[in-house]
Amino acid sequence: MKKVAVVTDSNSGFTQQQAKEAGIYVLPMPFFVNGTLYYEDIDLSQEQFYEKLEGNADISTSMPAVGDVTDLWDKLLQEYEEVVHIPMSSGLSGSCETAIMLSRDYEGKVEVANNQRISVTQKQAVYDAKTLADQGKTALEIREHLERTKFDSSIYIMLDTLYYLKKGGRITPAAAALGTLLKLKPVLQIQGEKLDAFAKARTTKQGKNIMIEAIKNDFAGRFQDPEGKNMWLEIAYTKNLDAALELKKELLEIFPDREINVDPLSLSVACHIGPGALAIACCKKL
């Protein structure tokens, strides 16, 4: 019997195909679009999602059904001794808390890591978990590592529009109208639990510079690694791959010879910020 199965959700950005190649398991996140249930990367692709979002469809996120979670664990425990489950940040969804509650019925065979990450940084945590599992670590040891290192990451996101924050009730219509009038490009931050305001830019170029400086400051200050030699550097985007690849070129001028991964932002984030967003993220290497 194999030792530890690594499970995450599609908020990590893992597609089903990527998960298969990496030897991990991904719960697809459910979405309601005009009242119809869809699952990310099962019957709702990135392209279909943005088509519906920009067509003003009523889209809401949901948590994986309890039965879907426990059915997957039960199936995996026929093949593996233990499961380590890495859901999206507990500060952004109740799915982590629900999984922790469900795991109590599994007598220590399922460990749920409250890793407080999402998207590309969550994805890296999953890769780290798989590496540790392959090294023979137990599910408990992997969970403890992920929780100990959960704040060793940052994401900075520049929005192209305030429309979707207003639509979701995350800013007032008056603030959205003023921001649109001034052509503001807000830069948000995810560092641990919440999505917080970080800075305001007047142009895309200024927004990118703010994010780059923030990452450089994190490298030098928080991580005591000015050149970022022991850091992963990542870019995420919503429906603007060309802009993301251009940003990668700019980052490579500052951090040459680096491997910089470029991934679409998971749909749960895209739902609230809309198309045209760009993000720079970093996290400490294992």
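How far is the sulfur of C283 from the closest cysteine sulfur? In this predicted model, the separation is 6.9 Å, and the partner in question is C282. That distance is too far for a bond, since a disulfide calls for cysteine sulfur atoms within 2.5 Å. The structure as a whole holds zero disulfides. C283 is nonetheless a buried residue, with a relative accessible area of 0%. C271 also counts as buried, at 9% relative accessibility.

Charged side chains offer a livelier picture. Side chains of opposite charge can pair when their charged atoms come close. Searching the whole structure turns up 11 salt bridges. One of them links D134 with K130, at 2.7 Å from N to O. Both residues belong to helix α5 (residues 119–134), where they sit four residues apart, or about one turn of the helix. D134 is exposed, its relative accessible area being 57%.

A salt bridge between helices is found where the side chains of E250 and K208 meet, at 2.8 Å from N to O. E250 is part of helix α10 (residues 241–254) and K208 part of helix α9 (residues 204–222), so this pair ties together parts that are 42 residues apart in sequence. E250 counts as partly exposed at 23% relative accessibility, whereas K208, at 12%, counts as buried.

K229 and E227 form a further salt bridge, with 3.4 Å between their closest N and O atoms. Both K229 and E227 are exposed. Finally, E111, R143 and E147 are joined into one network by salt bridges that share partners.

Conventions. Residues are numbered from 1 along each chain as its sequence is written. This is a predicted model: local features need pLDDT of at least 70, side-chain atom pairs count only at pLDDT 80 or more; totals for chains, interfaces and linings use all residues. Side-chain values use heavy atoms; hydrogens and water are left out. Buried means under 20% relative accessible area, exposed over 50%, partly exposed in between (1.4 Å probe, protein chains only). A salt bridge is a side-chain nitrogen of Lys or Arg within 4 Å of a carboxyl oxygen of Asp or Glu. Helices (H or I, at least four residues) and strands (E, at least two) are DSSP runs, numbered from the N terminus.
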